[in-house]
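This report considers surface and interior features of one protein model. The sequence and the structure are shown first, and the account follows.

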Amino acid sequence: MKNQKNKYNLGLFSIEVILTLIACLVVFPMILIFINSFKSNGEILSDMLALPAGWSLGNYKEAIAKMNFFKKFANTVMVSVLSVAGIILFGSMAAYKVTRVKSKVSNAIYYGILFTMAIPFQVLMVPIVIVARNLHIVNTLHGMIIMYWGFLLPMAMFLYCGFIKGVPRDLEEAAMIDGCGQFRAFFYVVFPILKPITATVAIINVLGVFNDFMLPLIMINSEKLKTIQLSMSVFYGTYLNRWDLIMAALMLSILPALIFFLLFQKQIIKGMADGAVKG
């Protein structure tokens with residue numbers, strides 16, 4: 001038993017060392033961006049790995065002004081929040097109906113949703129633009145939000161379906177006996193039980209929408225409607241020789257998602273674990 005215990009500890013230590021090295025490799029580029037965001041362009045070109053001569057916020061101030069960062073941040077937050085709110089509302093309601101109503105139609109809808117998840121986004125880029133133009137929602141934030149509903153709803157619905165199957169029917173049936181309709185039974189009885197998977201869906205999609213580049217690229221032309229990631233791409237092309245500004249802008253684009261993850265990391269892990277067990 002003693003030898004087995006020592007062998008187990010040695011194996012665990014080896015895994016911890018490997019994971020630590022992988023974590024360092026992942027974090028190192030971000031540390032490099034952070035350090036270089038405080039340097040002058042000359043310092044970056046002379047030695048990228050050295051510490052800055054002075055820790056000035058001048059690069060950040062200039063990058064914020066040139067990017068119009070706060071406007072782009074507001075656009076991105078609005079799109080992210082409204083997109084995720086719609087995905088949660090429509091995804092949970094659709095999954096509840098498909099799961100609870102056993103019929104050929106509901107099965108066809110369910111498997112149709114699974115099929116759409118396998119279609120690459122690149123295949124749909126041209127049809128998206130054509131449909132958006134016909135609906136007159138190109139170059140609008142609300143049009144982009146509607147598009148996110150369409151693209152991200154299948155995954156959310158799939159996750160909700162797996163979770164709802166584990167919710168006892170007796171709870172909603174008892175509510176209906178007490179006078180609740182199906183609509184109220186869902187929102188007052190079933191939906192609160194879906195909190196773990198709702199947290200999972202919300203967190204995954206908030207980070208996904210916030211960091212998305214492709215859909216804003218094909219949907220948005222106006223400078224005042226651009227999101228952070230799209231604005232970052234344009235900024236990079238405009239100031240290609242100003243690595244000091246590029247590093248500061250990169251840090252600004254990374255920082256909101258990083259803060260979000262650090263604030264909600266417990267909910268992210270708990271929501272994903274609960275969702276996996278229930279699903």
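In which helix is I31 found? The model is predicted, and in it I31 belongs to helix α1, which covers residues 2-36. The relative accessible area of I31 is 43%. Because partly exposed residues lie between the limits of 20% and 50%, I31 is classed as partly exposed.

I31 also takes part in a nonpolar patch on the surface. The other members of this patch are I15, I18, L19, I22, V26 and V27. Its area is about 640 Å².

**Empty space in the model**

Rolling a probe the size of a water molecule over the atoms shows where empty space is left. The largest pocket holds about 480 Å³ of space. Its lining consists of 17 residues, of which F121, L124, G150, F151 and L152 are the closest to the centre. Three elements, α6 (121-134), α7 (141-164) and α11 (214-219), each supply two or more residues to this lining. The greatest contribution comes from α7, with 8 residues.

A cavity is also present: the count of cavities of 30 Å³ or more is 1. The largest cavity has a volume of about 30 Å³. Its lining is formed by T76, V79, S80, Y148, V209, D212, P216 and T227. Helix α4, residues 69-100, gives the most to this lining, with 3 residues.

The table sets out the two spaces by volume, main contributing helix and class of lining residue.

| Space | Volume | Helix giving the most | Lining by class |
|---|---|---|---|
| Largest pocket | about 480 Å³ | α7, 8 residues | 14 nonpolar, 2 polar, 1 charged residues |
| Largest cavity | about 30 Å³ | α4, 3 residues | 4 nonpolar, 3 polar, 1 charged residues |

In the pocket lining, then, 14 residues are nonpolar, 2 are polar and 1 is charged. For the cavity lining the corresponding numbers are 4 nonpolar, 3 polar and 1 charged.

**A residue of helix α7**

Helix α7, which gives the most residues to the pocket lining, also contains P154. Is P154 buried or exposed? The relative accessible area of P154 is 13%. Since the buried class takes in values under 20%, P154 counts as buried.

How far apart in space are P154 and A94, C-alpha to C-alpha? The separation is 9.9 Å, although the two residues are 60 residues apart in sequence. A94 falls within the span of helix α4, residues 69-100, while P154 is found in helix α7.

Methods
Residues numbered from 1 in each chain as written. Predicted model: local features only at pLDDT ≥ 70, side-chain atom pairs only at ≥ 80, totals over all residues. Heavy atoms only, no water. Patch = residues over 30% accessible without salt bridge, like charges linked within 9 Å, V, L, I, M, F, W, Y side chains within 5 Å. Areas by Shrake-Rupley, 256 points an atom, 1.4 Å probe, with all protein chains shown as cover. Salt bridge = Lys/Arg side-chain N within 4 Å of Asp/Glu carboxyl O. Buried < 20%, exposed > 50% of the residue type's maximum accessible area, 1.4 Å probe, protein only. 1 Å grid on protein atoms, 1.4 Å probe; cavity = no way out; pocket = protein on both sides within 12 Å on 5 of 7 lines; lining within 4 Å. Points joined across faces, edges and corners; volume = space filled by probe spheres on them. Nonpolar A, V, L, I, M, F, W, Y, C, P; charged D, E, K, R; others polar.
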